[in-house]
Amino acid sequence: MDRAIIKSKIGNLMLISESEKLVEIKFVYDENLIEPKTEILKETKKQLDEYFNGERKNFSIPFEIKTTEFMSKVYRALIQIPYGTTVTYKDIAKTVGNEKAVRAVGMANHKNKIPIIIPCHRVIGKNGKLVGFAGGIDLKQKLLELEGIKIEIKNKKIKKS
């Protein structure tokens with residue numbers, strides 16, 4: 001297993017590969033940068049840099065996620081969401097053949113080990129609100145804005161007891 005930690009417009013990202021395939025991208029904060037040494041990590045960094053600079057809309061990184069058949073269907077559906085667009089969890093559930101599997105789609109998104117490349121950030125709630133993202137709603141909003149999508153997040157009031 002090889003890893004690198006790269007700087008991006010949304011913060012540092014840890015890239016993890018195994019057998020010349022990308023297996024994970026993690027959002028990291030207080031870790032020192034580690035230059036990519038393998039070809040797969042160098043190419044992943046290059047393509048992510050292009051994405052963050054607005055020069056790339058689709059990725060061609062070989063990746064592997066060990067997961068269930070249902071989650072694999074969800075990830076294949078996520079990859080089909082065009083750059084700069086959003087869909088709902090229900091849309092994805094319909095795409096994978098079970099429109100009642102909205103929560104299961106949400107769980108698959110939550111367990112997505114390759115965010116950005118498998119663009120779970122493009123999935124929003126049926127009411128048009130940003131919900132759920134492993135890196136946090138702020139990062140989800142930044143990724144969508146990077147793709148030209150403006151979504152306003154209303155601040156929640158905290159009630160004092």
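**Close-up 1. The exposed and buried sides of helix α2.** In this predicted model, E69 and R76 are exposed on the other side of α2 from its buried residues. The buried residues of this helix, which spans residues 69-79, are M71, V74, Y75, A77 and L78. Seen down the axis of α2, these buried residues fall within an arc of 160°, so they line one face of the helix. An α-helix has 3.6 residues a turn, so residues three or four places apart point the same way. The partners against which the buried residues of α2 pack are α3 (89-95), α4 and β5.

**Close-up 2. The surroundings of H121.** H121 is placed in the loop that runs between α4 (102-110) and β5 (123-124). Because its relative accessibility is 0%, and buried means under 20%, H121 counts as buried. The side chain of H121 makes a polar contact, at 2.8 Å, with the side chain of E147. When neighbours within four places in sequence are left aside, the residues in contact with H121 are Y51, I116, F133, K140, L143, L144 and E147.

**Close-up 3. The second largest pocket.** Rolling a probe the size of a water molecule over the atoms shows where empty space is left. The second largest pocket holds about 150 Å³ of space, and its lining is made up of K57, N58, F59, S60, I61, F63, I79, I81, I116, I117, P119 and R122. Sorted by character, the residues of this lining comprise eight nonpolar, two polar and two charged. I116, one of the lining residues of this pocket, is also among the residues in contact with H121.

Note on methods: Residues numbered from 1 in each chain as written. Predicted model: local features only at pLDDT ≥ 70, side-chain atom pairs only at ≥ 80, totals over all residues. Heavy atoms only, no water. Helix = DSSP H or I, 4+ residues; strand = E, 2+ residues; numbered from the N terminus. Buried < 20%, exposed > 50% of the residue type's maximum accessible area, 1.4 Å probe, protein only. Polar contact = N/O pair within 3.5 Å; in protein donor to acceptor, adjacent residues only side chain to side chain. Contact = heavy atoms within 4.5 Å. 1 Å grid on protein atoms, 1.4 Å probe; cavity = no way out; pocket = protein on both sides within 12 Å on 5 of 7 lines; lining within 4 Å. Points joined across faces, edges and corners; volume = space filled by probe spheres on them. Nonpolar A, V, L, I, M, F, W, Y, C, P; charged D, E, K, R; others polar. Arc of directions from axis to C-beta.
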